[in-house]
2 protein chains.
Amino acid sequence: MDEKSFLAAYDKHQFDAPLTSVDSVLFSYHQECLKLLLVQRSNHPEQGKWGLPGGFVDLQVDQSLEDTARRILRAKTAIDPPYLEQLQTFGNGSRDKRGWSVTVCYSAMMAYQSCEPHVSSVADVQWVNIDKLDQLPLAFDHGDIIAHARERLKQKALYSIVPAYALPELFTLPELQHLHELIIGKPLQKKSFRRRIEQAELLIDTGEKVSQKSGRPASLYRMKDRAGSFTFVRNLEE
Amino acid sequence: MDEKSFLAAYDKHQFDAPLTSVDSVLFSYHQECLKLLLVQRSNHPEQGKWGLPGGFVDLQVDQSLEDTARRILRAKTAIDPPYLEQLQTFGNGSRDKRGWSVTVCYSAMMAYQSCEPHVSSVADVQWVNIDKLDQLPLAFDHGDIIAHARERLKQKALYSIVPAYALPELFTLPELQHLHELIIGKPLQKKSFRRRIEQAELLIDTGEKVSQKSGRPASLYRMKDRAGSFTFVRNLEE
DNA sequence: CTTGTTAGTGTCGTATGGTCACTTAATTCA
DNA sequence: TGAATTAAGTGACCATACGACACTAACAAG
């Protein structure tokens with residue numbers, strides 16, 4: 001049999017296949033807190049519980065798994081996230097009562113301000129403070145997935161400035177440092193933090209200042225294009 | 001409707017789902033060469049071409065995606081690989097002629113010697129020198145997947161001794177260094193390489209020596225348990 | 001016993017993060 | 001107006017870890 005007739009006769013349902021979905025862990029930063037976007041499930045199973053924004057691949061619409069993640073995040077936030085990276089795929093026979101299921105997970109970040117109007121207009125979507133996750137009933141194994149995403153983000157915070165994607169386009173160095181401290185879970189040396197960013201020339205000083213409640217005003221910076229993919233040769237202390 | 005009756009009525013085929021498979025990039029080291037295990041496809045599509053060892057999840061047998069990867073690798077090598085880590089999931093509408101398909105990829109390593117007898121007894125499986133990949137017709141997007149796996153392995157070689165899993169239980173430091181050099185693609189400083197391994201106390205000196213064709217014999221080492229997950233704070237130069 | 005070859009070490013230079021005191025620029029409140 | 005307060009930003013020194021490279025050590029062959 002040649003390939004053409006093989007494909008014509010091929011029945012993709014001849015083998016029992018796992019359910020395959022895409023979920024995203026979307027981080028942001030607001031009012032000195034690390035936030036996560038969660039969605040309240042309107043359908044069974046796990047109805048009423050909170051879960052990651054996700055869904056099934058639309059074979060007609062999505063060209064790739066990343067397209068699926070983007071489409072679903074856009075539906076919840078009205079924004080295409082500036083940072084989106086595949087995290088890990090979780091798959092086993094017990095995580096979903098409907099049967100053997102696989103979820104391809106992405107980690108994403110965006111500025112809180114850029115999507116807040118849309119998010120607050122939708123009832124079943126909410127930004128949750130990362131400290132208050134344990135107060136919400138989480139669907140499936142999404143708690144594990146979130147823990148995994150936090151660990152990966154922590155590593156990134158030690159050798160890159162990827163967390164800057166959770167900030168607005170213009171931000172101050174103290175803001176960025178505080179965000180890193182939240183992610184890493186311990187205070188960082190101001191000097192060390194600033195020095196490596198300056199030496200690698202990752203940011204552009206806009207010259208603008210932003211006045212604080214009290215104290216000297218901080219400079220506003222913008223990321224250079226290459227800044228997101230830059231990695232320092234040496235990690236900060238954990 | 002309550003969850004129980006929802007699940008009873010649930011038809012997992014109501015939505016058209018992508019084909020979901022698991023593939024592994026299995027590395028090893030033999031005769032001063034980095035090797036990869038490839039399988040010749042006996043069925044359509046891409047019949048006759050060489051591809052990664054992989055297959056579909058067996059919903060009855062496999063508890064998890066990792067189980068699937070392990071089962072398939074065991075079938076080809078008769079060995080459970082000492083190192084197996086999820087790499088990345090590739091999914092789009094065009095990579096497989098049968099339709100929208102998703103492959104969850106793993107990166108694995110094992111000692112060449114531990115499986116060579118079994119591998120050489122099977123006709124459709126072969127260890128391929130990494131330099132000679134371009135001489136083989138590769139199935140699907142497996143060339144891209146391999147490139148991705150090599151890049152990830154290169155990063156690991158810069159901040160860990162994970163590549164040691166491609167060596168036999170007992171190995172010499174010059175062997176390990178040469179393997180790292182193959183992966184990274186440039187020579188390393190002997191002193192730097194050895195110093196960091198010694199300081200982190202990652203290996204156990206067995207006291208045994210192995211005589212070379214010529215020159216001073218090298219000491220044989222064994223990995224400590226924690227050595228595989230240890231990461232140095234600073235990368236070697238790329 | 002000399003030569004060749006490979007394993008393994010001593011030592012110094014350099015890059016980069018840790019530490020911490022200091023300066024600068026704003027606000028607040030006598 | 002000017003001292004106190006607060007937070008941003010800098011200077012300077014130390015510690016650590018890698019790069020470079022010459023050196024010594026241990027074996028085989030002749």
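This report walks through a predicted model of two protein chains and two DNA strands.

## Chain A in outline

Chain A contains six helices and ten strands. Its C-alpha trace spans about 70 × 45 × 30 Å along the principal axes. Of its 238 residues, 33% are buried.

Sequence distance matters for reading the contacts. Take the contacts in chain A between residues at least 6 apart in sequence: 65% of them join residues at least 24 apart.

## How the two chains relate

Chain A superposes on chain B by a rotation of 180 degrees. The shift along the axis is 0.0 Å, and the RMSD is 0.0 Å. The two copies are thus related as by a two-fold rotation axis. In chain A, the C-alpha of A:Arg234 is the one nearest this axis, at 2.2 Å.

## Where the chains meet

The contact draws 36 residues from chain A and 36 residues from chain B. On the side of chain A that touches chain B, four elements each supply at least two residues: α1 (3-9), β1 (19-30), β5 (83-92) and β6 (101-109). β5(A) gives the most, with five residues. By class, this side of chain A has 16 nonpolar, 14 polar and six charged residues.

Do the two copies use the same surface or opposite ones? Of the interface residues of chain A, 100% are also interface residues in chain B, so the copies meet through the same surface.

## The surface near DNA strand C

DNA strand C is surrounded by 29 residues. The closest are A:Ser192, A:Arg216, A:Glu237, B:Pro174 and B:Gly215. Both chains therefore appear in that list, as the residue names show.α6 of chain A supplies at least two residues here, as do α5 (173-184), α6 and β9 (218-223) of chain B. The largest share comes from α6(A), with five residues. The surface divides into seven nonpolar, eleven polar and eleven charged residues.

## The surface near DNA strand D

Around DNA strand D there are 28 residues. A:Pro174, A:Gly215, B:Ser192, B:Arg216 and B:Glu237 come nearest. The elements that give two or more residues to this surface are α5 (173-184), α6 (190-199) and β10 (218-223) of chain A, together with α6 (190-199) of chain B.

Which element gives the largest share of the surface near DNA strand D? That element is α6(B), with four residues. By class, the surface near DNA strand D has seven nonpolar, ten polar and eleven charged residues.

## Backbone features in the loops

Most residues other than glycine have a negative phi, and most peptide bonds are trans. Some places in this model depart from those habits.

The first feature to look at is a peptide bond. A:His44 and A:Pro45 are joined by a cis peptide bond, with omega about -10 degrees. A:Pro45 sits in the loop between β2 (33-40) and β3 (50-51) of chain A. Chain B also has a cis bond, from B:His44 to B:Pro45, with omega near -10 degrees. B:Pro45 lies in the loop between β2 (33-40) and β3 (50-51) of chain B.

## Positive phi in chain A

A:Glu46 is not a glycine, yet its phi is positive, near 65 degrees. This residue is placed in the loop between β2 and β3 of chain A. A:Glu46 has 17 other C-beta atoms within 10 Å, so it is partly exposed.

A:Glu201 also has a positive phi, about 50 degrees, without being a glycine. It is found in the loop between α6 and β9 (203-210) of chain A. Is A:Glu201 buried or exposed? With 11 other C-beta atoms within 10 Å, A:Glu201 is exposed.

## A loop residue in chain B

B:Pro217 belongs to the loop between β8 (203-210) and β9 of chain B. It has 11 C-beta neighbours inside 10 Å, so it counts as exposed. Leaving aside neighbours within four places in sequence, B:Pro217 is in contact with B:Lys209, B:Val210, B:Ser211 and B:Gln212.

How far apart are the C-alpha atoms of B:Pro217 and B:Val61? They are separated by 48 Å, and the two residues are 156 residues apart along the chain.

Methods: Residues numbered from 1 in each chain as written. Chains lettered and ligands numbered in written order. Predicted model: local features only at pLDDT ≥ 70, side-chain atom pairs only at ≥ 80, totals over all residues. Near = placed C-beta within 6 Å. Nonpolar A, V, L, I, M, F, W, Y, C, P; charged D, E, K, R; others polar. Buried ≥ 20, exposed ≤ 12 C-beta atoms within 10 Å, placed from the backbone. Contact = placed C-beta atoms within 7 Å. Least-squares fit on C-alpha atoms with pLDDT ≥ 70 in both.
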